[in-house]
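Could you look through the structure shown here alongside the notes below? They are meant to be read with the sequence and the coordinates open.

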Amino acid sequence: MSIIRLFFIGILGVCFSMNETNASKDPFIVKAENYLNGLRTWSAIFKQKQPDGAELTGKLWVKRPGLLRLDYDEPSQSKLYIHDGWVVQRDDRLDETAFIPIDRTPAGFFLDEKIHMNKKVKIAGIKKEKNL
């Protein structure tokens, strides 16, 4: 779990503008790509910060390529699924379901057959923190 946490903190913290050539040669990026490409099925507990400062928690399941399920803990009644190229967001409280093409979301990056960090994201920088 800590390696995945480190990866997500690293990826989410570094997405957006390092030169692609430099990023693909960085040892941290190569190590992260190799690690992720070795994972086919995994799960994690997550915490998501909302724009208003509230935090949501839940559980995430991934089976690469192409499958993802995200269940939010109470009080949220939202669920998110990815299957056959679609993100399906279900809100039981509102009795609504939304369908979004996966290529319009960042989730597709993690579900590809082979993950390449220099193709769908741009690396702005790398920050290593202790105890992750």
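The numbered points below go from the whole chain to single strands and residues.

1. Confidence. This is a predicted model, and the average pLDDT of the protein chain is 78, with 80% of the residues scoring at least 70. Among the elements of the chain, helix α1 (residues 2-14) has the lowest mean pLDDT, 43, whereas strand β6 (residues 96-101) has the highest, 92. Residues 1-21 have a pLDDT below 50, and beyond near neighbours in sequence this stretch has 42 contacts in the model. A reader of the model may wish to keep that in view when looking at residues 1-21, where the pLDDT is below 50.

2. Overall layout. The protein chain contains 4 helices and 6 strands, and their order along the sequence is α-α-α-β-β-β-β-β-β-α. Of its 132 residues, 32% count as buried. The chain exposes about 8900 Å², of which carbon and sulfur atoms supply 54%. Among contacts between residues at least 6 apart in sequence, 43% join residues at least 24 apart.

3. The nonpolar core. Which residues have the most contacts inside the largest nonpolar core? They are Leu60, Leu68, Leu70, Ile82 and Met117, in a core of 24 residues. Two or more residues of this core come from each of α3 (27-38), β1 (41-49), β2 (55-63), β3, β4 and α4 (107-111); the largest share, 4 residues, is that of α3. In soluble globular proteins, nonpolar side chains tend to be buried together. Leu60, taken as an example, touches Trp42, Ser43, Ala44, Phe46, Leu68, Arg69 and Leu70 once residues up to four places away in sequence are set aside, and Leu68 and Leu70 are themselves among the residues with the most contacts inside the core.

4. Strand β4 and its partners. Strand β4 (residues 78-83) has a covered face made up of Ser78, Leu80 and Ile82, and an uncovered face made up of Lys79, Tyr81 and His83. On one side of the pairing, strand β3 (residues 67-72) and β4 run antiparallel over 4 bridges, with Leu70 opposite Leu80, and the two strands form a hairpin with 5 residues between them. β4 also pairs in the antiparallel sense with strand β5 (residues 86-91), over 6 bridges, and here Ser78 stands opposite Asp91. The hairpin of β4 and β5 has 2 residues between the strands, and in it Asp84 takes a positive phi near 50 degrees.

5. Ser78. Is Ser78, a residue of strand β4, buried or exposed? Ser78 counts as buried because its relative accessibility is 12%, which is under the 20% limit for that class. Not counting residues up to four places away in sequence, Ser78 touches Leu70, Asp71 and Tyr72, and also Arg90 and Asp91. Of these contacts, Asp91 in β5 is the residue that stands opposite Ser78.

6. Asp71. This residue lies in strand β3 and is buried, with a relative accessible area of 14%. The side chain of Asp71 makes a polar contact of 2.8 Å with the side chain of Arg69. Leaving aside neighbours within four places in sequence, Asp71 is in contact with Phe46, Thr57, Gly58, Lys59, Trp61, Ser78, Lys79 and Tyr81. Among these, Lys79 and Tyr81 belong to the uncovered face of β4, while Ser78 belongs to its covered face.

7. Asp73. This residue is found in the loop between β3 and β4, and at 38% relative accessibility Asp73 counts as partly exposed. Apart from residues up to four places away in sequence, Asp73 touches Thr57 and Gly58, and both of these residues also appear among the contacts of Asp71. The C-alpha atoms of Asp73 and Phe46, which are 27 residues apart along the chain, are separated by 10.0 Å.

8. Gly38. This residue is found in helix α3 and is exposed, with a relative accessible area of 57%. Although Gly38 and Ile115 are 77 residues apart along the chain, their C-alpha atoms are separated by 9.9 Å. Helix α3 itself supplies the largest share of the nonpolar core discussed in point 3, namely 4 residues.

Technical notes
Residues numbered from 1 in each chain as written. Heavy atoms only, no water. Buried < 20%, exposed > 50% of the residue type's maximum accessible area, 1.4 Å probe, protein only. Pairing = 2+ DSSP bridges. Core = buried A, V, L, I, M, F, W, Y, C linked by side-chain atoms within 4.5 Å. Contact = heavy atoms within 4.5 Å. Areas by Shrake-Rupley, 256 points an atom, 1.4 Å probe, with all protein chains shown as cover. pLDDT = per-residue confidence, 0-100. Polar contact = N/O pair within 3.5 Å; in protein donor to acceptor, adjacent residues only side chain to side chain.
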